[in-house]
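The following exercises concern side-chain pairing and burial in one protein. Please examine the sequence and the structure before working through the solutions.

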Amino acid sequence: MPAVSKGDGMRGLAVFISDIRNCKSKEAEIKRINKELANIRSKFKGDKALDGYSKKKYVCKLLFIFLLGHDIDFGHMEAVNLLSSNKYTEKQIGYLFISVLVNSNSELIRLINNAIKNDLSSRNPTFMCLALHCIANVGSREMAEAFAGEIPRILVAGDTMDSVKQSAALCLLRLYKASPDLVLMGEWTSRVVHLLNDQHMGVVTAAISLITCLSSKNPDEFKTCVSLAVSRLSRIVSSASTDLQDYTYYFVPAPWLSCKLLRLLQCYPPPEDGAVKGRLVECLETILNKAQEPPKSKKVQHSNAKNAILFEAISLIIHYDSEPNLLVRACNQLGQFLQHRETNLRYLALESMCTLASSEFSHEAVKTHIETVINALKTERDVSVRQRAADLLYAMCDRSNAKQIVAEMLSYLETADYSIREEMVLKVAILAEKYAVDYSWYVDTILNLIRIAGDYVSEEVWYRVIQIVINRDDVQGYAAKTVFEALQAPACHENMVKVGGYILGEFGNLIAGDPRSSPLVQFNLLHSKFHLCSVPTRALLLSAYIKFINLFPETKATIQEVLRSDSQIRNSDVELQQRAVEYLKLSSIASTDVLATVLEEMPPFPERESSILAKLKKKKGPGAVSVELEDGKERGELNGGADRGGEAAIAASNASTPSPSSDLLGLRSAAPVGGPAPSAGSLLVDVFSEAGPAASSTRVNDDGFLSSAPPSAASEDPAPPLPESDELLNKFVCKNNGVLFENQLLQIGIKSEYRQNLGRMYLFYGNKTSVQFVSFTTTVSCPGELQSQLNVQTKPVEPLVEGGAQVQQVINIECLTDFVDAPLLNIKFRYGGALQNITLKLPVTINKFFQPTEMAAADFFQRWKQLSQPQQEAQKIFKASHGMDTEVLKAKLLGLGTALLENVDPNPENYVCAGVIQTKIQQVGCLLRLEPNAQAQPGEQMYRLTLRSSKDTVSQRVCDLLAEQF
């Protein structure tokens, strides 16, 4: 930039600023400004032409007055005239005035554009940079229309100076964000991408910001940038701090560029080219290794730069979710930060580990830090860090640690900040319900929740405990006894009174045999709380009283006396008055049989999707269920989805007590005409939420689910499955969460859970563009024989998906018998008027219905010998596609759904598993043996996989599926 000569100092401006600062009052300042404005206006309108210096000085004064907060309505033309000056300082002030004061709709835009064009074509780098800065600052649509085609040419031209290239890249980025439809790269795409190879690091840093933005909108056009980005990142990561001296920040080479490169790579799936992927994995390992090295400086800037690169690298590892070793190493590295003295690092570590907890490969590694996280929840001073610790406990919860985590959350609730109590209550309620193998523990937990944080227990929570108690015969007596004891506390929260009134009114007879909880004692206990409660709770208690008359005739006189009192039948509240009068009359004139019929026990509730989950999602914001979902980054609000053991125990518990809730996922409620009556729904569902919208052309069951429609029902024929459908399906054989499909328009995330022969799948359709999808429809079909093997029902989705938004669809699956093919998912929508038609295979495979089975060595080999017929065995010998990592192999075998049996095979290097595939028609026992030859050289390692089951088709199918995983 040219040096400013001594004569360029504007004495008049300096005097004016000094006068303003010396003003003693606001009135004095306004008076001085008005005097100056009058002087400037007279100079501009005078007959005498002003020289460049004077114009510059007066325009600069106007700019200063505007920055003081006063309106400026003249001087714009003089500023435009300064643009034609050949002196840098005059041109600079002109561009500065225009950037700050000129409105994008100004009539002067055309004149300004002409001046900018002259400067861009001047080849003077200083003037070109000023013009580009002005375009970026104004960023109007008119400027985008005028220069969107010119700036890319300047950016990629061979004779453009590096400083101009940097300005051009950032200017183009600004225009693209303001008017993406006008900035079309077209022929310039490959040349812009190759700026990543530029020798000047400043150009690369500016260009990568542009490429990242363009890639997020049009990933296919810019996918060639992945290999170049990996190459550039590799050179930076492997360089010493002395190699890039101009771009080394406190001994860290090019930290900003490294972060931007890692962020760019997060726009794409893992590289398909083995060499590129290997080089990238090597870079990520190097970054993790450098994080372990002693710091080269004690300055905070050094650690900040190192940690910025590390966290961005961990985000990329989580995004790929395909390198188990890196995921575990990332988790261990974050674990070290959990006790770091720097609060921000602890916060970031907790936040990143929340995402890692959703990965099939790193969930167990995250769980090893449970004590540290619990300690953070108890001792952290910063409420935001405590909240992240609570989020992480929620994310890492599974069957093995649910009771410990729920107990710690309940303990923390007593002293938790008021701002997060409601969210904590919802999480405790969800975890207690999800992992409630013993329902008496669930009842205790919810009642404790009401006792500790009753003000923050929403209706959805106490509705759920009542629903579950009513739907489960085995817990009703325990619930009645527990609420009776809880109500004896002197200070009892109103929500406890609601639960107590409802449960004792229904099941008080189950504890009436004990003299300490006789009918009259129960009534007096409830009525002692009556005067302290709100009108809705009093109304509920009156209903409980009339139920008591039916359950315990000996209490009739006492209760009628209460109902007959003036405080009831003359109550100022019309609802309470009406109930008292009607209940009194009913108890007086109705016979015992009529009373028993009218006041019979509540029937089991039909079930729908959990409103507790919906409330938590709403509280956390739309990103809470985003699968966010990037490659299965989170379990969303159904954390622990991969852990089916707890759910299996729940299912077994349900099976032991015949009740209408035994159909856990509500699949049988859409029985064919003349079929059995509808059953209840999933454990994580709610009777109080509204049913989903029904589609007029499709059969809808009582829970708002659509039966799977034949493909011909759509107006356009569905497209054939994508060529990569089988590959995408294989990715989900050993995991339940992740990104099923992604292109430049649409991302489809998936979460699923399975219990016995039932499954529930959540699909998340994310609009990656800024333009809405219209006529958005999805159809799930079962081709050929699959129609008789699987029962699939779907909930309809909204036909309109806004830009950047995400919609969820729930699919219920029932396995009728064993199967080989997968259901087809067809998605149709219109984007920019063009029909998009995509067909994928849903990742529903026979192994999803495995029930893990623990066996002793003797039992295993006895059963192995029994399944010795040739058709019962399937065997494959194949070459290892990945390294033989013990932890990864175990994770995949557990992800298959079987139980991994330790110390069973005589050869400790072999793996044996056992499980039972649950279908509606039959159960198929399955034994597995995997024999690796780990001693062989890398590249020559082999596996022998042997499956034996009581059904030949199952053996072959599971063998084929599992062989693709190693």
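D159 is exposed, its relative accessible area being 59% (buried means under 20% relative accessible area, exposed over 50%, partly exposed in between, with a 1.4 Å probe and protein chains only). The model is a predicted one, in which local features need pLDDT of at least 70 and side-chain atom pairs count only at pLDDT 80 or more, while totals for chains, interfaces and linings use all residues. Residues are numbered from 1 along each chain as its sequence is written, and side-chain values use heavy atoms, leaving out hydrogens and water.

**Exercise 1.** Identify the salt-bridge partner of D159 and describe its exposure.

Step 1. A salt bridge requires a side-chain nitrogen of Lys or Arg within 4 Å of a carboxyl oxygen of Asp or Glu.
Step 2. D159 meets this rule with R123, at 3.4 Å between the closest N and O atoms.
Step 3. R123 is partly exposed, with a relative accessible area of 38%.

**Exercise 2.** Determine whether D198 and K165, which form a salt bridge, are buried or exposed.

Step 1. The N to O distance of this pair is 3.7 Å.
Step 2. D198 and K165 are both buried.

**Exercise 3.** Characterise the salt bridge between K768 and E742.

Step 1. Their side chains meet at 2.9 Å, N to O.
Step 2. K768 is partly exposed at 21% relative accessible area, and E742 is likewise partly exposed, at 34%.

**Exercise 4.** State how many salt bridges the rule yields.

Step 1. The count comes to 38.
Step 2. D19, R32, E36 and K61 are joined in a salt-bridge network.
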